[in-house]
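Got a few minutes to go through a fold together? Here is the entry.

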Amino acid sequence: MPENVDFKDLNIIEVSILVKILKGEKNLASIGRNLDLTLQGVRYYVNSMRKKKYLADLSVTPQGYEFLTKSLETLKGFLSSSSDLLYSMHDWEIICDEEVHEGDTVYLYMKDGYLHGSGNVKTEATGIVNGDSGIGERALIHDIRGIIDVKFGKVSILIIKNISYENPVKYIDEVTEILKKDTGKNIQVFLLGEGIFSIFYKFDHFEQFAPLQSGFDAATRGLDALVICSEEAFNLNFEEFTLLKEKHTGIKTELHFL
């Protein structure tokens with residue numbers, strides 16, 4: 001077994017099959033369907049890895065763990081360098097904290113859901129400015145280096161059960177109290193469904209469209225999101241909510257009921 005696995009020697013299919021087996025998948029036909037391989041093709045790779053001592057029956061051996069670890073490290077390094085190259089080739093937008101000029105290096109950080117550039121706030125991520133821009137103005141940057149620190153927000157779903165339109169003030173007061181408890185936080189509020197809109201339509205700072213998608217987008221930008229909905233609306237949109245949770249695994253979600 002070589003000390004390192006070169007990218008040119010990396011067999012993605014072998015790695016994929018090992019990962020599947022490591023996760024407990026033992027059905028070769030199922031592995032084949034997931035990887036778009038024939039059963040005969042899966043058997044070929046499994047037999048090959050048995051000869052290399054990466055597998056014993058359908059269990060990953062110590063040599064297999066070593067191969068998989070080094071292969072994933074190689075793949076991760078390749079993807080990381082490729083991402084850096086992709087980012088450096090494209091211009092990004094920032095909001096300037098100070099006046100900037102062509103060729104200036106700025107430090108990058110997130111604030112209120114938007115990417116800012118500063119010469120004074122030191123961070124690990126930097127970019128080079130294209131052109132001149134003033135304080136609070138938009139600038140384009142290139143040659144982005146480092147990782148932009150984004151602390152994900154959370155998505156809270158507030159489900160109002162048994163909506164009664166005889167006393168909407170009750171719900172308005174309770175939501176207002178909930179928001180007061182989070183004073184100081186930048187919370188984005190979204191309305192899901194006609195029933196909820198009919199109660200909160202006068203709150204023009206509450207967003208109405210694509211609420212679940214927008215809520216998760218806000219959380220990826222570091223903001224907390226509150227999605228208010230009726231039980232009926234949540235049930236209708238539960239599949240979308242589940243898919244968004246699976247897509248954004250780093251974002252915490254909470255369910256609350258009134």
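What follows is a short chat about this predicted model.

Student: In what order do the five strands close into a barrel?
Tutor: The pairing around this barrel is mixed. From one strand to the next, the twist averages 55°. Going round, the order is S3-S5-S4-S6-S7.

Student: Which residue in S6 stands opposite Tyr107?
Tutor: Start with strand S4, residues 105-111, and strand S6, residues 126-130. They run antiparallel and are joined by three bridges. Opposite Tyr107, in S6, you'll find Thr126.

Student: And S7: which residue there is the bridge partner of Asn130?
Tutor: S6 and S7 run antiparallel, with four bridges joining them. S7 also pairs with strand S3 (residues 92-96), again in the antiparallel sense and over four bridges. On the S3 side, Glu93 stands opposite Leu140. For Asn130, the partner in S7 is Leu140.

Student: Is Ala139 buried or exposed?
Tutor: Ala139 sits in strand S7. Setting aside neighbours within four places in sequence, its contacts include Trp92, Ile94, Cys96 and Val129. Its relative accessibility is 1%, and the cut-off for buried is under 20%, so Ala139 counts as buried.

Student: What separates the C-alpha atoms of Ala139 and Asn237?
Tutor: Along the chain, these two are 98 residues apart. In space, their C-alpha atoms are separated by 38 Å.

Student: How are H1 and H3 oriented, roughly parallel or roughly perpendicular?
Tutor: Take helix H1 as residues 12-22 and helix H3 as residues 39-51; their axes come within 10 Å and cross at roughly 85°. Angles of 65 to 115 degrees fall in one class, so that crossing makes H1 and H3 roughly perpendicular.

Student: How many of the residues in the contact of H1 with H3 are nonpolar?
Tutor: H1 brings Ile13, Glu14, Ile17 and Leu18, while H3 brings Val42, Tyr45, Val46, Ser48 and Met49. One of the residues in this contact is polar and one is charged. The nonpolar count is seven.

Student: How many disulfides does a search of the whole structure find?
Tutor: Cys96 is buried, with a relative accessible area of 2%. Cys229 also counts as buried, at 0% relative accessibility. A disulfide would need a pair of cysteine sulfur atoms within 2.5 Å. Searching the whole structure, the number of disulfides found is zero.

Notes: Residues numbered from 1 in each chain as written. Predicted model: local features only at pLDDT ≥ 70, side-chain atom pairs only at ≥ 80, totals over all residues. Heavy atoms only, no water. Pairing = 2+ DSSP bridges. Helix = DSSP H or I, 4+ residues; strand = E, 2+ residues; numbered from the N terminus. Axes fitted to C-alpha atoms, helices over the stretch in contact; angles between N-to-C directions. Parallel < 35°, antiparallel > 145°, perpendicular 65-115°, else oblique. Contact = heavy atoms within 4.5 Å. Nonpolar A, V, L, I, M, F, W, Y, C, P; charged D, E, K, R; others polar. Buried < 20%, exposed > 50% of the residue type's maximum accessible area, 1.4 Å probe, protein only.
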